[in-house]
Amino acid sequence: MPKLFRFLKFNPLAVLLLTCLGSQPIMAGDYLSPEALVALDDGERMLVVERTGKKLAVFDTASQKVTREIELDREPSGAAVSNDGKTLYVTVGTGQGEVLVIEAKSGKVRNRIAAGHSPMAPVLSSNGKKLYVCSRFDTAVTVIDLKKGKLVKSIPMMREPIEAAITPDGRYLFVTNHMPDGRADLEYVASKLSVIDTKTDTLLKHIKLVNGAEGMREVVVSPDGKFAYATHLMARFQVPTTQIERGWINTNAISVIRVEDQELLFTVLLDDVDLGFANPWAIDISDDGKLLVVSSAGNHEIRLIDLPAMTAKINDAVSSMGEEAEAMHLNAHNDLSFISSVSTRVRLKGKGPRGLRLIGNKIYVAEYFSDSIGVVELAETGKAASVSSIPVGPEIPMDQIRLGEFYFNDASLCFQNWQSCASCHSSDGRMDALNWDLLNDGIGNPKNVKSLLLSHETPPAMATGVRAMAEVAVRAGIKYIQFAVRPEEDAEAIDAYLKSLEPVPSPRLVDGHLSPAAQRGETLFSREGCIQCHSGPYYTDLKLHDLGTGLGQDVGKGFDTPTLVEVWRTSPYLHDGRVVSMKEVVRVHNPVREWSNQGPMSEDEVTDLAEYVDSL
């Protein structure tokens, strides 16, 4: 039977055949999707966070077996362990989420603490009294007093904080903001790394990263507390997407931050000249500070980096910049061979590496799509001596939706593995808040990336409707963005995955319902005529309209009426991302008001209408 499962795992047609013959294949709900790892007992055991499986698994590192499972009632997104190892703190839930306080020995949930919208990446304070949680769609880090068992403070971040790391002395918390904030039509657009002073639980600063930094993931602080390292993509959004060689569209990087003054020191590309290291995700450092490890979620590999050697190269490069260093480090870095002499790439056996932990001479990797833990044993030279993949559950064949999600995140579909669909649309099919100059409607007129949620239900596709439907856009993306030719079955699987996406409830809702302001806005939505175009269950008439928003080559063009479902998440707005807030859309770009000569809305009306739209 194990051989049969291995055959079925990447063969959805075989699954269909077995179904027709009367067999019962295991369905998508049974996938475990290990995403994060937490060391227990000094690395003797590993806590595995299994997102779609709604479980925690305890993995014994000696026997390389799962010895125990803890069932949860909501999807987990991260975990931390108390200093004495007796208590687990697990973030769960999309929407209004919680921190589960779990007794490690029995697996019993002792308490549930409200933790904001879509909480993740819990980090314990050095004294063990507080828990910091990234509340992704509240755009904040929430502070939980563990003795009181409640949330006591919310610290505003930039946009979609998703990971955090505390310095060895416990003084600073570094937080990655997944997406850029603000307008997309500017010369400089990038995500930022935020710093929190844990003594006062206040924001110290937002650190500017290299232009085009987006898709930020994990951050780690060196054992000596001198540097922080954060993974992200580096989008070359200022050039037309005419080619892909040498990272023309996307490169993949680490930002190196000086802890002392919280400033960007350097940006290191993780790619090679003719092979991308797509979608860097997790990062960890050995206890002696000599080895840095990064996972490539899109390329199914890790990179082992000689950290002292890389640091020496960085210092030499910064010294050669001289007085121009401060300006140059925010510009595009193009040295695709910078770390080639001080690092090695290791191909993993499993698929979709995300979280990882380096314990002693072994690296453990959460392999999301193969429901396994990758184990890389290191030789004394620091290079890989052996690579294995240990299942954390039964090997389950991928159905079409799961296969589509895999392909969506898989950079091996792309020429030279530079990027995956997820490079511009994140791992969950949304967007990157950047403008891209695609060739489907000419050159010199960039458009903001659209979320793919409901894209198949709301044709046409693209801002100007140049693709009749999302099915056409998916196939054009494979051909013209990934520069590849793939079997039709691949595109069909991606279609199935995108059709399966479900909206996340708005953080503006109050206990799942419209706030009083949003209720007033709902009345205005009809009265002001918004419903004329934003109609039906998806709030769109599926038509193109010229509202006078086109600029340059786009003057006089009609633009697709976008769905308003989950629009709270898709800023910046308009086809070129020039508008940051829904209030500005309502206040400035209100065609019905202009046509009817009613004059401007009152500020209270603007606020209420925007509140309603942002609640959809």
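Helices (H or I, at least four residues) and strands (E, at least two) are DSSP runs numbered from the N terminus. The model is predicted, with local features needing pLDDT of at least 70 and side-chain atom pairs counting only at pLDDT 80 or more, while totals for chains, interfaces and linings use all residues. Residues are numbered from 1 along each chain as its sequence is written, and side-chain values use heavy atoms, with hydrogens and water left out.

## Backbone features in loops

P460 lies in the loop between β31 (447–448) and α7 (470–480). The peptide bond from P459 to P460 is cis, with omega near 0°. A cis peptide bond also joins S571 and P572, with omega about 5°; P572 is in the loop between β33 and α10.

Some residues in loops have positive phi. They are listed below with their relative accessibility, where buried means under 20% relative accessible area, exposed over 50% and partly exposed in between (1.4 Å probe, protein chains only).

| Residue | Phi | Loop | Relative accessibility |
|---|---|---|---|
| D201 | about 50° | between β15 (192–197) and β16 (202–208) | 10%, buried |
| H300 | near 55° | between β23 (291–296) and β24 (301–306) | 3%, buried |

D201 is not a glycine, and H300 is likewise a residue other than glycine.

## Loop and terminal contacts

Contact means heavy atoms within 4.5 Å. H575 is found in the loop between β33 (559–560) and α10 (582–588). At 9% relative accessibility, H575 counts as buried. Not counting residues up to four places away in sequence, H575 touches N435, P446, K447, N448, A463, T549, G550, D554 and F559.

G149 sits in the loop between β11 (140–145) and β12 (150–156). Leaving aside neighbours within four places in sequence, G149 is in contact with N111 and I113. The C-alpha atoms of G149 and V99 are 9.7 Å apart in space, and the two residues are 50 residues apart in sequence.

S615 belongs to the segment after α12 and is buried, with a relative accessible area of 5%. With residues up to four places away in sequence not counted, S615 touches S506, R508, L509, L514 and A518.

## Aromatic rings

A pair of aromatic rings is described by the distance of the centres and the angle of the planes. Rings of Phe, Tyr and Trp (its six-membered ring) pair if their centres lie within 6.5 Å; planes under 30 degrees apart count as stacked, over 60 as edge-to-face and the rest as tilted. By this rule the count comes to 10 aromatic pairs. In one of them, the rings of F59 and Y364 have centres 6.4 Å apart and planes at 70°, so the pair is edge-to-face. F59 lies in strand β3 (residues 55–60) and Y364 in strand β27 (residues 362–367), so this pair ties together parts that are 305 residues apart in sequence. F59 counts as buried at 1% relative accessibility, and Y364 counts as buried at 3%.

The rings of F227 and Y229 have centres 6.4 Å apart and planes at 50°, so that pair is tilted. Both F227 and Y229 are buried. Ring pairs also link Y368, F369, F406 and Y407 into a cluster.

A charge sits over a ring if NZ of Lys or CZ of Arg is within 6 Å of the ring centre and within 35 degrees of the ring normal. R354 lies over the face of Y368, at 3.8 Å from the ring centre. The charged end of R217 sits over the ring of W281, 3.7 Å from its centre.

## Helix packing

Two packed helices are described by the angle between their axes and the distance between the axes. Axes are lines fitted to C-alpha atoms, for helices over the stretch in contact, and angles run from 0 to 180 degrees between N-to-C directions.

In helix α5 (residues 400–409), 8 of the 10 residues are buried, so α5 is largely enclosed by the rest of the structure. F406 and Y407 are among these buried residues. The axes of α5 and helix α8 (residues 488–500) come within 7 Å and cross at roughly 100°. That makes α5 roughly perpendicular to α8 (angles under 35 degrees count as roughly parallel, over 145 as roughly antiparallel, 65 to 115 as roughly perpendicular and the rest as oblique).

Helix α9 (residues 516–527) and helix α12 (residues 603–613) pack at an angle of about 95°, with their axes 7 Å apart. Hence α9 is roughly perpendicular to α12.
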